[in-house]
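I set out to record the open and enclosed spaces of this structure, its domains and its bound ligand. The entries below follow the order in which I looked things up.

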Amino acid sequence: MRSVTDQIVARHTAPRQLTDHCVAPDVVVPGVVHEKRPARTPRGDLAPGIYHAWITIDNQAQFNSYSVDMLKGIQWALKTASNARDVVSVVLTGAGSKAFCTGGNATDFARYYARNPQEFRQFMRLFNDTVSAVMVCEKPVICRVNGMRTGGAQELGLACDFTIAQDLALFGLAGPKHGGAMIGGATDFLPVMIGAEAALAVGTLCESLSAHKARRLGMITAVVPALKVDGKFVPNPLVVTDRCVDEFGELVLGEPKTGEALLQGKALLARGEVDLSLLDAKVEELCAKFVTMFPDSLTKSLEALRKPKIEAWNRNKEDNRAWLALNMMTEACAGFRAFAEGSKEAGREIDFVALRQALAKGAPWTPDLIDNLMPHARN
Ligand SMILES: CC(C)(COP(=O)(O)OP(=O)(O)OC[C@H]1O[C@@H](n2cnc3c(N)ncnc32)[C@H](O)[C@@H]1OP(=O)(O)O)[C@@H](O)C(=O)NCCC(=O)NCCSC(=O)C1=CCCCC1=O
């Protein structure tokens, strides 16, 4: 039986032919899965004819890092979902349970963009426009963090309106340790989201944060357990989750365990299996809340609340793009080559002391200086 609103629509209150407002065609890009999943109400009832758009980054062999084509695919998918009349919210996620995404493909960076700033400028055009596409999306954008979120992916994730993470996921940034500054969005968003002092630590030290610490800092919306041991969910056993402060009053919630506690945590981790059903339930719970809201009022609220992040981003994004491009001649060239040419055994970082010693004597960034900073040059 048709509902009354269906009958009203059938009386031709809606245009016979709908106009497509998307700039680019909705194309299928390998590595980016774009689908519409049926929406439900908060009570769990199906809401026929309306959907949530799921965008899944899928390059699992390389921890879901994105190629240029994949960036285009993510951007198209965001724009398509933004325009789709039947889409309520957008979920941006990664395939599998290891990584949400680890940013740009570091091997491509080393092989194609190193010493090629004009080409990296073009890459950054795509990247910047993808971050902007998140923040002008007319629907709420939820980052479903199924695993590690680092580098440019952390910046893309910070641009999202909500982040829900499974609690084994790590959050990181490829900053000065990799030869970059975290200016693809993180330096704009973090001070607004977590305050200037915490942003300085996160934005310079290049230390991975646990999902619990990210939640404590206010960087993400919610955390759910993902490890199942003997059929029961347990919190991430590698980090402190049972107290907020240590005996001296220092905050420890979400900090890594050490010593015997860490060994026990690792043993528990090895016995368990990862199950993302609670993550999916939490994402669905949030998506369902949006179904029972006035759409325009929701979009207006998003637009108003995004302003502090967007204003910071728009102030800096083009200058930062230019700096990141030129930095491909020097530090990023060395940093990404070290990742691509290194290995777990040899290490994936440059010889920082040798670099500083050379620069202290005024040495220029010659190709042979960079060659000699590589991990294999030390052996
Ligand atoms: C910390 C890591 C993400 C994960 O470390 P670990 O858990 O030890 O796993 P690995 O063995 O290192 O990784 C598993 C395999 O995946 C490959 N991998 C992982 N990430 C990438 C990547 N980004 N690009 C290419 N390949 C990747 C890794 O080589 C392994 O494969 P293998 O065949 O060798 O077994 C660690 O992997 C890491 O540090 N990765 C690099 C992260 C990185 O530098 N990302 C780029 C950041 S820069 C960036 O994204 C941007 C900056 C400016 C704005 C635009 C932008 O995109």
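**Entry 1: lining of the largest pocket.** I sorted the lining of the largest pocket by residue class and found 24 nonpolar, 19 polar and six charged residues. The model is a predicted one, and I read every value below as computed from it. The lining comprises 49 residues. Nearest the centre of this pocket I noted Thr102, Thr150, Ala174, His178 and Phe339. For the volume I recorded about 1,200 Å³.

I then asked which helices and strands supply at least two residues each to this lining. The helices are α3 (106–113), α4 (117–135), α5 (152–159), α11 (295–327) and α12 (331–341), and the strand β8 (170–171) is listed with them.

**Entry 2: domains.** I looked up the domain assignment of the chain, which gives domain 1 (23–226 + 275–328), domain 2 (237–274) and domain 3 (342–373). I noted that domain 1 is written as two segments. Between the C-alpha centres of domain 2 and domain 3 I recorded 36 Å. Returning to the largest pocket, I found that domain 1 and domain 3 each contribute at least three residues to its lining.

**Entry 3: second largest pocket.** I recorded about 520 Å³ of space in the second largest pocket. Its lining has 23 residues, and those closest to the centre are Leu168, Ala169, Leu170, Asn236 and Leu238. Which domains does this lining draw on, with at least three residues from each? I found domain 1 and domain 2. By class, I noted 12 nonpolar, seven polar and four charged residues in the lining.

**Entry 4: ligand.** I next examined the surroundings of the ligand and found 25 residues there. The closest are Tyr66, Gly104, Ala106, Gly152 and Lys344.

I looked up polar contacts of the ligand with the backbone. A polar backbone atom of Ala106 lies 2.8 Å from a nitrogen atom of the ligand. For Thr102, a polar backbone atom is 2.9 Å from a ligand nitrogen atom. Thr102 had already appeared among the residues nearest the centre of the largest pocket.

I also noted a contact made by a side chain: a polar side-chain atom of Arg348 is 2.9 Å from an oxygen atom of the ligand. On its own the ligand has 1,000 Å² of accessible area, of which the protein covers 73%.

**Entry 5: enclosed space.** How many cavities of 30 Å³ or more does a search of the whole structure find? I recorded one. The largest cavity holds about 30 Å³ of space. I listed its lining as Gln154, Phe171, Gly172, Leu173, Val202, Glu207 and Leu209. These lining residues divide into four nonpolar, two polar and one charged.

Technical notes. Residues are numbered from 1 along each chain as its sequence is written. This is a predicted model: local features need pLDDT of at least 70, side-chain atom pairs count only at pLDDT 80 or more; totals for chains, interfaces and linings use all residues. Side-chain values use heavy atoms; hydrogens and water are left out. On a 1 Å grid over the protein atoms alone, a cavity is a set of points where a 1.4 Å probe fits but cannot get out, and a pocket is an open set with protein on both sides within 12 Å along at least five of seven lines; lining residues have an atom within 4 Å of a point. Grid points are joined across faces, edges and corners, and a volume is the space filled by probe spheres set on the points. Helices (H or I, at least four residues) and strands (E, at least two) are DSSP runs, numbered from the N terminus. Ala, Val, Leu, Ile, Met, Phe, Trp, Tyr, Cys and Pro count as nonpolar, Asp, Glu, Lys and Arg as charged, and the others, Gly among them, as polar. Domain bounds come from an automatic or database domain assignment. A residue is near a molecule or strand if one of its heavy atoms lies within 4 Å of it. A polar contact is a pair of N or O atoms within 3.5 Å; within protein, one must be able to donate a hydrogen and the other to accept it, and residues adjacent in sequence count only if both atoms are side-chain atoms. Accessible areas come from the Shrake-Rupley method with a 1.4 Å probe; for residues, only the protein chains shown count as cover.
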